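Please walk me through this model, starting from one pair of strands and working outwards.

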Amino acid sequence: MARLNVNPTRMELKKLKGRLATATRGHKLLKDKSDEMIRRFTIILRETKSLREEVEQRLAEILKQFSVARSLTSPFEMETAFAMPSAKVELTCETESIMGVDVPKITVNDKKKTNALPYAFAEITGEADYSVAQATELLPVMIRLAQKEKAVRMLAEEIERNKRRVNALEYVMIPQLEETIKYIKDKLAENERASVVRLMKVKANG
Amino acid sequence: MTGKTAIVGNGDGIMVFKAAGVATFPVEDEKKAEDTVRKIAKDYQIIFITEDLAKNLRDFLKRFDEEAYPVIVSIPNSVGSEGYGMNVLKTAMERALGVDILFNN
């Protein structure tokens, strides 16, 4: 490992020792942060996985159902039936901090129970009713999935960044500082020995 | 802050969510999807995008991961899931942990 390009003086030695202490402390802190982030990440990751499985399975069913409904109705009728949405999703979007990462926190406000279907029953087949009801039911789950998945992605990014910082400290910064400190110490000891020898020689000659 | 949801996808399959109160943006291809997402990213906090579009826009959608909002999530389309959503999770897991703790393959 290359040592830093500094003058071997006592001043520099003191400065470097200070930096080494800071680096070591920072390294420890970052490592702890990384551990905790990974712990949280694992929990959210598991939740997200089961949510995603649920959503994908249910959504596939809904869409299958809906395509049946679509095939039973003419596209134009379908279009008009769905042109005006009757339901409205109300969300409250906030952010929540997980280990200093701002992740979204979304709550679905209870919506008023109105007639959930945007069309009259006579207009369209029963399959459509069913799939719309299912979709309405699934939506909060999907929103929860969205929130969790985003958190997973953001945390992953942050963990990676943090890991890079920890590694930079552990494998670059700290060894470099240690080596430079050793070099300065050696150099200072060398100077001292040289001056002792010089003194002895001067005395012997005189 | 109150949020709104939108869904970007191809085909009529997304229409079912219109009834559930989600704004729908039908698009034909990735290019249009990209434009649409860019346009609505400021107004909608949650954007669902169908898998077949999302997988080709991976790099573009990645940009939105820097901030908490908007949240962009892929969902399977009417053809069914190709596992893209799981793949996203898997990539995140591998990047963060370096090991596979969920999928075991």
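B:Ile7 has B:Phe48, in strand 4 of chain B, as its bridge partner. The model is a predicted one, in which local features need pLDDT of at least 70, side-chain atom pairs count only at pLDDT 80 or more, and totals for chains, interfaces and linings use all residues. Residues are numbered from 1 along each chain as its sequence is written, while chains are lettered from A and ligands numbered from 1 in the order in which they are written. Strands and helices here are DSSP runs, numbered from the N terminus (helices: H or I, at least four residues; strands: E, at least two).

Strand 2 and strand 4 of chain B run parallel and are joined by four bridges; two strands count as paired if DSSP finds at least two bridges between them. In general, strands of a sheet pair through backbone hydrogen bonds, either parallel or antiparallel. B:Phe48 also stands opposite B:Val73 in strand 5 of chain B, and five bridges link strand 4 to strand 5 of chain B, again in the parallel sense. Strand 2 of chain B, residues 5-9, pairs with strand 3 of chain B over four bridges, also parallel. One residue there is B:Gly9, whose bridge partner in strand 3 of chain B is B:Pro26.

Put together, these four strands of chain B form an open sheet in the order 3-2-4-5, with parallel pairing. Strand 3 (23-26) and strand 5 (71-75) of chain B stand at the edges with a single partner strand each, so one side of each is left without a neighbour in the sheet. On average, neighbouring strands of this sheet are turned by 20° against each other, direction ignored; the axes are lines fitted to C-alpha atoms, for helices over the stretch in contact, and angles run from 0 to 180 degrees between N-to-C directions.

How many of the residues of strand 4 of chain B are buried? Five of its five residues (46-50) are buried, where buried means that 20 or more other C-beta atoms, placed from the backbone, lie within 10 Å of a residue's own (exposed: 12 or fewer; partly exposed: in between). B:Ile46, B:Phe48 and B:Thr50 lie on one side of the strand, and B:Ile47 and B:Ile49 on the other, so both faces are covered.

Helix 5 of chain B has 14 residues, 84-97, and its end C-alpha atoms are 20 Å apart, which agrees with the 20 Å expected at 1.5 Å a residue; the expected span is 1.5 Å times one less than the number of residues. Its buried residues include B:Gly85, B:Val88, B:Leu89, B:Ala92, B:Met93 and B:Ala96. They cover an arc of only 130° around the axis, which puts them on the same side of helix 5 of chain B; the arc is that of the directions from the helix axis to the C-beta atoms. Just after this helix, B:Gly98 takes a positive phi of about 80°.

Turning to the interface, 53 residues of chain A are in contact with 37 residues of chain B, contact meaning that C-beta atoms placed from the backbone lie within 7 Å. Helix 3 of chain A supplies the largest share of chain A's side, 20 residues. Strand 1 of chain A and strand 1 of chain B (residues 2-3) run antiparallel, joined by two bridges, and A:Thr92 stands opposite B:Thr2.

Technical notes. Two residues are in contact if their C-beta atoms, placed from the backbone, lie within 7 Å.
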